[in-house]
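Could you walk me through this structure in my viewer, one selection at a time? I would like to know what to click next and what I will find there.

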2 protein chains.
Amino acid sequence: MAVNATQTRVRKAAIRLFAKKGFHGVGIRELAQAAKLSSASLYHYMGTKEELLADIMWDCLERLLSAAMLATTDVNDPQEKLGRLVALHVIAHAVQAKETTVVDNELRSLSPKLRRRIVAQRDAYEQLWAETIEEGARDGVFRSDKEGVARRGLLEMGSGVSRWYSSKGALPLDQLAERYAELALRSLGAGDDPPLPDLQRCRTIVKYTWGAKI
Amino acid sequence: MAVNATQTRVRKAAIRLFAKKGFHGVGIRELAQAAKLSSASLYHYMGTKEELLADIMWDCLERLLSAAMLATTDVNDPQEKLGRLVALHVIAHAVQAKETTVVDNELRSLSPKLRRRIVAQRDAYEQLWAETIEEGARDGVFRSDKEGVARRGLLEMGSGVSRWYSSKGALPLDQLAERYAELALRSLGAGDDPPLPDLQRCRTIVKYTWGAKI
């Protein structure tokens with residue numbers, strides 16, 4: 001869907017408010033005010049509030065998925081691949097903290113039909129992680145993760161970054177992403193000094209995907 | 001603070017609603033209805049809605065902290081200690097998913113004064129993790145974690161369980177807790193086959209601390 005300037009303004013306001021107060025805590029009037037629109041014209045630009053939420057979540061997951069595909073498509077080594085997936089996930093959750101918070105918190109707020117659409121999109125993203133871990137297990141460099149416990153744990157570990165990351169923190173973002181990649185690779189059994197992923201590449205992809213300043 | 005039956009009813013209703021709709025998404029009237037009280041008597045039992053939120057968060061963190069102290073107080077080996085901290089955290093987030101969700105999501109909703117009180121309580125809990133990792137690093141069984149990246153990552157990894165755990169899932173809770181302990185210990189560099197923590201003990205402590213059926 002093409003998105004015009006007013007729609008972008010509405011989305012940005014909604015992301016900020018949903019991240020701060022939760023979906024159910026944001027009224028239409030408040031949202032209209034934040035987007036500098038009347039409540040009536042707001043509906044013109046967004047459909048229902050729930051559709052707006054679903055659009056925001058879908059868009060963020062779509063970007064995560066395409067970034068992850070871009071970062072791993074030319075890579076065969078499962079350790080490098082997983083390191084990139086983790087680093088990308090961490091960088092995205094640090095620089096796009098508000099929208100990833102909305103994705104991580106608000107699945108509960110969607111009605112079944114919209115939820116299914118978003119869950120399918122999230123599953124596609126997680127599937128990339130699952131396949132990479134499986135490839136590593138087949139190659140004997142990772143432990144097997146049949147029930148997806150490691151995959152879920154590592155995704156949540158990285159998502160948590162959006163709760164506390166600050167660009168004024170003790171570690172520069174690159175080092176933080178590197179540490180997470182190390183933790184993840186070691187946890188999967190990749191040995192004590194696993195190879196570090198190509199961070200420059202991950203950073204560039206986040207920049208390209210979100211137009212983010214990092 | 002002694003808590004009577006009506007207060008317990010109010011808290012339970014609030015935990016359920018805050019976890020489902022977020023703090024800002026729950027109105028006083030809705031909360032009163034869920035607790036089977038009039039709005040006027042609700043105020044008698046809870047003070048302000050924000051104080052109720054802070055009480056819920058404080059109580060949950062207090063239980064987590066005392067459970068973690070109980071589980072580790074007689075243990076010297078940092079690997080066993082950290083394994084227990086992780087297993088306990090995972091079991092608590094699985095069986096007390098709603099209240100831990102409120103703790104994890106709603107810090108943003110507290111005003112600075114109440115937030116400081118809750119953050120201090122959370123810091124005390126995290127301090128136990130930090131000390132254990134430090135002990136392990138001193139003993140040469142863990143990597144050093146000066147900036148707390150591993151501590152934060154492992155806490156978030158375990159907290160994520162409250163988002164998706166179901167007692168009908170593929171893995172029994174004990175095995176799930178065991179897997180997380182393994183992931184955590186390996187990620188810290190404790191070798192490929194780290195020792196598994198005393199799960200029976202962790203389970204008993206969660207039962208005792210929350211009166212939970214597990």
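On this tour, two residues are in contact if their C-beta atoms, placed from the backbone, lie within 7 Å. Please keep in mind that the model is predicted.

**Stop 1: the end of chain A.** With that cut-off in hand, select A:Trp210, which sits in helix H11 (residues 199-210) of chain A. Which residues does A:Trp210 contact, leaving aside its neighbours within four places in sequence? They are A:Arg63, A:Val95 and A:Gln96. A:Trp210 counts as partly exposed because it has 18 C-beta neighbours inside 10 Å, while a buried residue needs 20 or more. Now add A:Glu50 to the selection: its C-alpha atom is 23 Å from that of A:Trp210, and the two residues are 160 apart along the chain.

**Stop 2: two helices of chain A.** Select residues 78-95 of chain A to bring up helix H5, which has 18 residues. From the first C-alpha to the last, H5(A) reaches 26 Å, close to the 26 Å expected at 1.5 Å a residue. Is H5(A) mostly covered or mostly exposed? It is mostly covered, as 18 of its 18 residues are buried.

Next, go to helix H10 (residues 173-187) of chain A. Its 15 residues should span 21 Å at 1.5 Å a residue, and its end C-alpha atoms are indeed 21 Å apart. Of those 15 residues, 13 are buried, so H10(A) is largely enclosed by the rest of the structure. Just after H10(A), click on A:Gly189, where phi is positive, at about 90°.

**Stop 3: a loop in each chain.** Most residues other than glycine have a negative phi. With that in mind, select A:Lys36, which has a positive phi of about 55° although it is not a glycine. A:Lys36 lies in the loop between helix H2 (28-34) and helix H3 (39-46) of chain A. A:Lys36 has 12 other C-beta atoms within 10 Å, so it is exposed.

Then jump to B:Lys36, in the loop between helix H2 (28-34) and helix H3 (39-46) of chain B. Its phi is also positive, near 55°. B:Lys36 is exposed, with 12 other C-beta atoms within 10 Å.

**Stop 4: the domains of chain A.** Colour residues 1-47 of chain A as domain 1 and residues 49-210 as domain 2, following the domain assignment. Their C-alpha centres lie 27 Å apart. Where the domains meet, 12 residues of domain 1 are in contact with 12 residues of domain 2. Helix H1 (residues 5-21) of chain A gives the most to the domain 1 side, with 6 residues. By class, that side has 7 nonpolar, 3 polar and 2 charged residues.

**Stop 5: where the chains meet.** Show both chains together. The contact takes 27 residues from chain B and 27 residues from chain A. On the chain B side, helix H1 (5-21), helix H8 (149-159) and helix H10 (173-187) each supply at least two residues. That side divides into 10 nonpolar, 8 polar and 9 charged residues.

**Last stop: the whole complex.** A rotation of 180°, with 0.0 Å of shift along its axis, superposes chain B on chain A with an RMSD of 0.0 Å. The two copies are therefore related as by a two-fold rotation axis. The same surface serves both copies, with 100% of the contact residues of chain B recurring in chain A. As for confidence, chain A averages a pLDDT of 94, and 99% of the residues score at least 70. The predictor gives the complex an ipTM of 0.94 and a pTM of 0.95.

How values were computed:
Residues numbered from 1 in each chain as written. Chains lettered and ligands numbered in written order. Predicted model: local features only at pLDDT ≥ 70, side-chain atom pairs only at ≥ 80, totals over all residues. Least-squares fit on C-alpha atoms with pLDDT ≥ 70 in both. Domains from an automatic or database assignment. Helix = DSSP H or I, 4+ residues; strand = E, 2+ residues; numbered from the N terminus. Nonpolar A, V, L, I, M, F, W, Y, C, P; charged D, E, K, R; others polar. pLDDT = per-residue confidence, 0-100. Expected span 1.5 Å × (residues − 1).
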